Each structure stands twice: as structure tokens, then as C-alpha cells.
Amino acid sequence: MYLQNIYNKRKKTGRAENISGLLMALIPVVGFALFGFIPLVIAIVISFMYIPGRGDIANGTFNGIQNFVEVLSDPMFWKSIGNTLIMALSLPICIVIALIIGYLLTKNIKGTKVFRSIYFIPYVCCAVSVTLMWELIFNQNHGILNSWLGLDRETAIPWLTNSDYYLGVMVLIGVWSGTAYGIVLYGAALTNVNSTLYEAAKVDGANSFQSFIHITLPAISPTTFFLLTTGIIGALQEFVRPQILGGGGNGAGPNNDGLTIVFYLYRNAFSYDGTMGIAAATAFLLALMILIVTVINFKVSKKWVSYD
């Protein structure tokens, strides 16, 4: 009888714990359903509809794949892809610089913690604030850079209003903003490399460069893969910087050089009448692009990423 009572109490306790665990697990599931899955389904449905005005979904009509045809036949859409890919050039530069700085910070250098904190500041700063800071630097009329170069208003370089400079400025800002995260991750990865491997390589006559190529790079390849994958996904969703530097609103820089894929989506969704369906179709195509690039990245990673 005593053992039976203990069994019943444990059974009730276990049931209560299961219910509590289930309820806590439901919170993120419900959140995803309300703010992720349901909007995704609605967006897919809208991509096959003509929505009058700026979002009159109730009066929308089915138009098949017409939205996709319009998107794929729009020169601005292809220009937005080209602009996005050019801005994404900052990603490999970020990875290389982050690796170099992260490697140097693993050495016995005075003030390493201070340097790590300084390098991490751009990552934790608000993207809008950072972009406005760069706007003050590159502004043609009252920018700090032109003033530092000793140029007056007549000879000032139009960094943000000339196609010859605009995308270069965007890449530069991307490098400055995106390197910090990689420095932190590489710093952690480099400190976890097995030191006995370096000792064995040294005994075999390998120099520092050979050890870096054949030991360090393979050991930190999972970190490189992570930075590359998340960086590509983030680059394909670029929006804030070109939207602000383009003058806000519908401004997309000189000759629409700041028009990224997400910016193209934004303008169709909120600025033009009757193009909500086109915006939804663009979002669907963007999601498909990200999926394809990510799958390819995972497939190729099997040849160069080492988890040993």
C-alpha cells in the first residue's frame, strides 16, 4: 500500500511536469504560427492575386502567375539583384579581415580585451544610427570626408549621389559594420584549436605559414562556413543602409544603384497602388533564392569544412 501511494504520487508529479513542459513548449510554437507560418501562407496566396490599392486584400482577385511574370520581366528587379550582389562583396572582405584581426588578438598583445570591445562596437550599434553616421561622413555638402580632403562645395566629391562612388561606399560601410561579429567568432574558434597539432607540425619542420594553412584554417572551417552562410542570407536581405542613404522613402540612390531586392519588395508593397501581389511574388522569389543558395552552400561545404 505504501509503495502504491508513492507510485501514484510520482505518476501525478510526472503528469504535471509533462503538462507544464507541453505548455511552455507551445509558447514558441504558437508564436511561430501567428507571426511566421500564417503570414507566410497569406503571402503565398497574395502572390497569386491582384490586390487593388495598397493592400485591399478583401477585393483581391486571382490572376495566376501574372505577378511572377511581371516581376521577372521588370528590369528594376534584375537591377536590384545586381545591386544586392555587388553590396554582398563586403562579405568575403569581412571574413578575411575578421580572420586576420581575430588571429592577431589571440597573440600576447597588451590590451587585447580593450581591442575586442572596440572592434565589437559596430555590431551592437543600431543599423540606422550607423548609417546616419556614415551619411555625415560622405555627404557632399557638409560631409567630414570632403572637408578633411580640403574640398569646397564646388569641388566636393558626390559620394552618395554619383554612381561611380555609391556602391563602393555601400561596400565600405558593409565591411565596417560586418567585420565585428566575425572577429568575436574567430577569436573563440582560434583559441579552441588543439595546441598539440601545432607542436607536432613544428616537430615535423612546418613553419608558421604552413601550420596556419594546414591546421588553423581546417580547424576553424566550421566557423567560416557559419559566417558565410548567415552572411549570404543577410546580404540578400539588405535594406536599411541603401534606404537611408538613398534619401529615405522611395529614394534608392543615384540611378537606383541602392535598389536591393528587399527595397524593391518594399516599394511595391507600400508605395505603389495595385502592386501588393507583385511584392508578395518578389518575397516568394527571394525566399526561393535564399533556399537555393543555402542548399548549394551546404552541399559544397562537404568538400572543405572539417568537423574533426
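This is a short talk on salt bridges, cysteines, one loop and two helices in a single structure.

Hi everyone, thanks for coming. Before we start, please keep in mind that this is a predicted model.

Let's begin with charged pairs. How many salt bridges does the structure hold? There are two salt bridges. One of them brings together the side chains of Asp-257 and Lys-79, with 3.3 Å from N to O. That pair links distant parts of the chain, as its residues are 178 apart. Asp-257 sits in the loop between α12, residues 240-245, and α13, residues 261-270, while Lys-79 belongs to helix α3, residues 75-87. Is Asp-257 buried or exposed? Asp-257 is buried, at a relative accessible area of 7%, whereas Lys-79 is partly exposed, at 25%.

The other pair is Glu-238 with Arg-241. Here the closest N and O atoms are 2.2 Å apart. Glu-238 is buried, with a relative accessible area of 12%, and Arg-241 is buried too, with 13%.

While we have Asp-257 on the screen, let's stay in its loop. Asn-255 lies in the loop between α12 and α13, and Asn-256 has its place there as well. Please look at the backbone of these two. Asn-255 has a phi near 55°, which is positive in a residue other than glycine. Asn-256, not a glycine either, has a positive phi of about 60°. As for their surroundings, Asn-255 is exposed, with 59% relative accessible area, and Asn-256 is partly exposed, with 23%.

Now, cysteines. How many disulfides does the count come to? The count comes to zero. Take Cys-94, which is in no disulfide: the nearest cysteine sulfur belongs to Cys-125 and is 15 Å away. Cys-94 counts as buried, at 6% relative accessibility. Then there is Cys-126. Why does the sulfur of Cys-126 form no bond with the closest cysteine sulfur? Because that sulfur, in Cys-125, is 8.5 Å away, which is too far for a bond; the cut-off for a disulfide is 2.5 Å between the sulfur atoms. Cys-126 counts as partly exposed, with a relative accessibility of 43%.

Next, helix α10, which spans residues 208-219. Which of its residues are buried? Ser-211, Phe-212, Ile-215 and Thr-216 are buried in this helix. Looking down the axis of α10, you find the buried residues within an arc of 120°, so they line one face of the helix. Turn to the face away from that buried side, and you meet Phe-209 and His-214, both exposed. What covers the buried residues of α10? The cover includes α4 (90-104), α8 (163-191) and α9 (195-203). Let me also point out the N-terminal end of α10, where Asn-207 acts as a cap. A side-chain oxygen of Asn-207 lies 3.2 Å from the backbone nitrogen of Phe-209, and Phe-209 is one of the exposed residues I just showed you.

My last stop is Thr-224. You can find Thr-224 in helix α11, residues 221-236. With a relative accessible area of 18%, Thr-224 is buried, because anything under 20% falls in that class. Which residues does Thr-224 touch, not counting those up to four places away in sequence? Thr-224 touches Ile-95, Tyr-186 and Trp-304.

That's my tour. Thanks for listening, and I'm happy to go back to any of these residues with you.

Terms used: Residues are numbered from 1 along each chain as its sequence is written. This is a predicted model: local features need pLDDT of at least 70, side-chain atom pairs count only at pLDDT 80 or more; totals for chains, interfaces and linings use all residues. Side-chain values use heavy atoms; hydrogens and water are left out. Helices (H or I, at least four residues) and strands (E, at least two) are DSSP runs, numbered from the N terminus. Buried means under 20% relative accessible area, exposed over 50%, partly exposed in between (1.4 Å probe, protein chains only). Contact means heavy atoms within 4.5 Å. A salt bridge is a side-chain nitrogen of Lys or Arg within 4 Å of a carboxyl oxygen of Asp or Glu. The arc is that of the directions from the helix axis to the C-beta atoms. A polar contact is a pair of N or O atoms within 3.5 Å; within protein, one must be able to donate a hydrogen and the other to accept it, and residues adjacent in sequence count only if both atoms are side-chain atoms.
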